[in-house]
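Reader: I'm new to this one and would like a close look at a single part of it. Could you walk me through it slowly?

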Amino acid sequence: MSHPRLVTLLTTVGVTLAVAAPEPPASVLYVKAKNTHLKASSQPSARTLDILQPGHSVTYLGREGTTPWHKVTSRSSQGTFTGVIYQANLSSSPPSLEVLSAHPDKPISPTAFASSGAAVKALGPGAIAYGQSLSRPESVAQLEALEKVAERLRDDDVAKYARAGGLPEVMGTSKLEARAATSKGKTPGGTR
């Protein structure tokens, strides 16, 4: 076979294979951190479109430039949103079920396990007794005083404090404008 015919044949086969090659399927990733914010963009002041819990699946659309943010689509009871999630909050496999020592034969979902810690006080009777036996028993009283202060704080107060200090909000409702806009059609800063 002559050189020009071989080049033509290989070019034709290559073009045919390129056209016939199926597009790779969209990857599914899983949220692995509690209260993961799906943001409208990777900018620090970007709106939060939705807050996702461990085990929630998202469709991976690609990396946001050279940043550690990944563009994803998420479906939830709030709607379908396209935004970005920080890569450390995503996993290629769903989180494993958590096992409690009281019932090792009955694993629970990661979301339920994460929520179970929300109602636990920092100091129970055992921790108080142990803390008072140490060389600095006043630390127990200090932690109890901090618990009382924490009980009075609302999520919005914490978000306001973070904003005032130039920190990203990780709790509170001020950044959840998308939920209010859901009924109006398009979500500000993101695609619905």
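Where is the place of His56? And what is around that residue?

Author: Happy to. Keep in mind that this is a predicted model. His56 sits in the loop that runs between β3 (48-52) and β4 (57-63).

Start with the side chain. The side chains of His56 and Ser74 are joined by a polar contact of 2.9 Å. If you set aside the neighbours within four places in sequence, His56 is in contact with Leu29, Tyr30 and Val31, and also with Ser74, Arg75 and Ser76. Those names lead us to two strands.

Take Leu29, Tyr30 and Val31 to begin with. The strand to look at here is β1, which covers residues 27-31. β1 pairs with β4 in the antiparallel sense, over four bridges. You can pick out Val28, which stands opposite Thr59 in β4. β1 is also joined to β7 (residues 90-91) by two bridges, and these strands run antiparallel too. Look at Tyr30 again, one of the contacts of His56: the bridge partner of Tyr30 in β7 is Ser91.

Now for Ser74, Arg75 and Ser76. The strand here is β5, made up of residues 69-76. Follow β5 back to Trp69 and you meet an aromatic pair; a search of the whole structure finds one. The ring centres of Trp69 and Tyr86 are 5.4 Å apart and the planes stand at 75°, so this pair counts as edge-to-face, the cut-off being over 60 degrees. Trp69 belongs to β5 while Tyr86 belongs to strand β6 (residues 79-86), so the pair ties together parts that are 17 residues apart in sequence. As for Tyr86, its relative accessible area is 36%, so that residue is partly exposed.

While you have the model open, have a look at the charged pairs as well. The count comes to two salt bridges. One is formed by Arg136 and Glu138, with the closest N and O atoms 3.4 Å apart. Arg136 is exposed, at a relative accessible area of 57%, whereas Glu138 is partly exposed at 36%. Another salt bridge is formed by Arg154 and Asp157, where the closest N and O atoms are 3.8 Å apart. Here Arg154 is exposed, with a relative accessible area of 52%, and Asp157 is partly exposed at 30%.

So, back to where you began: His56 is in the loop between β3 and β4, and its side chain has a polar contact with that of Ser74.

Methods: Residues are numbered from 1 along each chain as its sequence is written. This is a predicted model: local features need pLDDT of at least 70, side-chain atom pairs count only at pLDDT 80 or more; totals for chains, interfaces and linings use all residues. Side-chain values use heavy atoms; hydrogens and water are left out. A polar contact is a pair of N or O atoms within 3.5 Å; within protein, one must be able to donate a hydrogen and the other to accept it, and residues adjacent in sequence count only if both atoms are side-chain atoms. Contact means heavy atoms within 4.5 Å. Two strands pair if DSSP finds at least two bridges between them. Rings of Phe, Tyr and Trp (its six-membered ring) pair if their centres lie within 6.5 Å; planes under 30 degrees apart count as stacked, over 60 as edge-to-face and the rest as tilted. Buried means under 20% relative accessible area, exposed over 50%, partly exposed in between (1.4 Å probe, protein chains only). A salt bridge is a side-chain nitrogen of Lys or Arg within 4 Å of a carboxyl oxygen of Asp or Glu.
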